[in-house]
Amino acid sequence: MDCTRAKIAVLGAVQGVGFRPFVFRLATGLALNGWVLNSAQGVFIEVEGPLDALQSFLTRLRDEKPPLAIIQSLESSFLDPIGYSGFEIRFSEEKGAKTALILPDIAICSDCLQEILDPANRRFRYAFTNCTNCGPRFSIIKALPYDRPNTSMKQFSMCPECDREYHDPTDRRFHAQPNACPKCGPHLELWNASGDVLAREDAALLEAAKFIKEGKIIALKGVGGFQLLVDASAEFSVARLRTRKKREGKPFALMYPSLDQVRLDCVVSEMEGRLLRSPESPIVLLTRQLRESRVAPSVAPGSPCFGAMLPYTPLHHLLLLELRFPIVATSGNLANEPICIDEKEALNRLAGIADYFLVHNRPIVRHVDDSIARIVCDREMVLRRARGYAPLPIRINESVPSVLATGAHLKNNVALSVGRDVFVSQHIGDLESMPAFAAFRKTAVDLPWLYDVQPELVACDLHPDYLSTKYALELGRRVERVQHHWAHVLACMTENELDDPVLGVSWDGTGYGSDGSIWGGEFLLAEDGSFQRVASLRQFCLPGGESAIKEPRRTAMGILYEVFGREGLRNHALPPIADFSEREIALLEKALDRGLNAPVTSSAGRLFDAVASLIGLRQRVTFEGQAAIELESVIDFNIHDVYTFQLSDDSPRVVDWGPMIQEILLDLQRGESAGYISAKFHNTLTEVIVEVAREIAQSRIVLTGGCFQNRYLLEKSIQRLSQENFKPYWHQRVPTNDGGISLGQVIGAARAARATTLSAKGAAA
Ligand code: ZN
Ligand code: ZN
Ligand code: FE
């Protein structure tokens, strides 16, 4: 029987309530080996055994916990076994001051939910109800220690009843810093677009619900920022929100009144249901039901998934209870800007987008977006780490110097290491606008300040033009630059607790290569503390450079030119060629001949774009990854065929996808379906991974980079690698997209610093 290790961190009211003996009984009852450790930071558990026993351990850990124990946060990952024998209760080895953990914002608990629905309770319908076990944390903390005067609740002085609860050790609200009630706490207001108050308190909520029913767009001040809400079934209203927000194709998230209603539109497994109802309460990517849905087509055009979540604050619960139908709940911003957190600012920045504003007077200290997660191969995979997760650390195996990593350009976040903890900040976004860069700078200062750490080192990307790189270089500290795809590999190795040697498959859209070219389809061998680029996809030219990212048809032209030369641009029956005018084709040909504004790339992401264009799915995109998502959505799951490819003996080896493109054109001529070609294309890429793994003769394969957000590619690669006796690893707690780069940069910089120290010692000896 295969043995796996589960590594679990539990935070909450789990100390002194019989939690450790409970864990001991549960583990030994399931014949699992390992240990449980109580520390000032929380309860840490490692258990080993068969996967189904571990899954049942995780389920029962939440369901059967002692009555007084409250789990506020539970993060688990599945790792290689160590070979524990027996189960032991370990004692905290920690000495001296330990970094205090700041809890994330978590969903309302069942006790508080009951209170707001109980007409006899003094918090009946009160939208800011919370207790020690639930409510806002990270989004209201100004400084440590976590006490009311250090939060944005400082301005509200507690009424005698709340004060009594706060000081009563037997009360559920003992030392609940955001404790509040209708008498003394924050309250709601409904504003029109000019900021005039239309209604207050419960009337504001009811009025807002009425407007949503009428198809209006409401900006709601939530826990970590504004959300834009609209009736998800009203096509006209959803389309209007897209136009106003300047967000053309990117799917919107949905908030459902109940899990039963989610099931009407999506396939929900038991694990997915648990994730939806967890205290973290992320947006969960779910496969759509095949039948007709009441959700408007404009919500997620061309996507095989819906991003769904359940209400997580009292405010959301009360609103959805009133509506009883799903709503679009998307971040309150203009495309490419960070989420709004202040109501005065929102009136200005969301002017022309929202019709009404449902606001409150509890200030938000820092923005925290909704998180995004999905279940892959029976494991959670976090794709955007924000509310519910940030700023919990990723625990690593050894202490590292304190490094501040400034992350990537897209899906940016920053990270800070303190001892054995790497604190990954909340998702910031694409650093494409001045407001986004301002949010980045604020977070890069905020994180070290919160934890009171002076970073010894700053880590950043190799790309000289990234704003995050420029920022790092201007700090005047020692800087380590970490190659983008290497950072992806290190992030995945770190969360899977892997050491060298490992073969990293690092596939994404774009990253600055060590040789100055654009990388993106890389095989990096992690060896002796550093990496070697052992294989890569065949390079081709991107006519128009950056603009090719927006136009898959340009990428397709680059591919055709690479395989067939000028002749490749003459087949006017091909969708990308048909999409250009004669004059444009002549210009493209000239640019490709001379290599003008046509940078070379080995990008895997662009290969997806090119194939989507060749088979006529999409010639232009409105967000990165759109063409790949549509290519994935048409896959015919019954097709197991593959195309031909070649692997050279060079160093680095080159994966030649030329024969595949020739065969795709033949399939098109034969009139094969998009679903057939797409399946064959995906299958080919997984065979490429298996073949390179064989050639490099590494058994441990790390799958990382934005391309592995593609569920079919990831699951098929895992399945094929396992069949061929390789051991595949992928992301769980940290995003596989560029949201994982900052963690990788921390580790890369720490490795480089260690190498420098060692060589300095060597020189001295
Ligand atoms: Zn509560
Ligand atoms: Zn009160
Ligand atoms: Fe990347």
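The zinc ion (ligand 1) sits in a tetrahedral arrangement, because its four donor atoms subtend angles of 104 to 119 degrees; four donors count as tetrahedral if all angles lie between 85 and 135 degrees. This is a predicted model, where local features need pLDDT of at least 70, side-chain atom pairs count only at pLDDT 80 or more, and totals for chains, interfaces and linings use all residues. Side-chain values use heavy atoms, with hydrogens and water left out, while residues are numbered from 1 along each chain as its sequence is written, and chains are lettered from A and ligands numbered from 1 in the order in which they are written.

**Zinc ion (ligand 1)**
- Cys109, Cys112, Cys131 and Cys134 each offer SG to the zinc ion (ligand 1), at 2.3 to 2.4 Å; donors are N, O and S atoms within 2.8 Å of the metal (3.2 Å for Na, K and Ca), and water is not among the atoms, so sites may look incomplete.
- Along the chain, the donors of this ion are spaced C-x2-C-x18-C-x2-C.
- Cys109 and Cys112 are both buried (under 20% relative accessible area, with a 1.4 Å probe and protein chains only).

**Zinc ion (ligand 2)**
- Here the SG atoms of Cys159, Cys162, Cys181 and Cys184 coordinate the zinc ion (ligand 2), at 2.2 to 2.4 Å.
- The donors of the zinc ion (ligand 2) follow C-x2-C-x18-C-x2-C along the chain.
- The arrangement around the zinc ion (ligand 2) is tetrahedral because the four donor atoms subtend angles of 104 to 116 degrees.

**Burial at the second site**
- Cys159 is buried, at a relative accessible area of 10%.
- Cys181 is buried as well, at 1%.

Notes: Four donors count as tetrahedral if all angles lie between 85 and 135 degrees; four count as square planar and six as octahedral if opposite donors are over 155 degrees apart and all others between 65 and 115; anything else is irregular. Buried means under 20% relative accessible area, exposed over 50%, partly exposed in between (1.4 Å probe, protein chains only).
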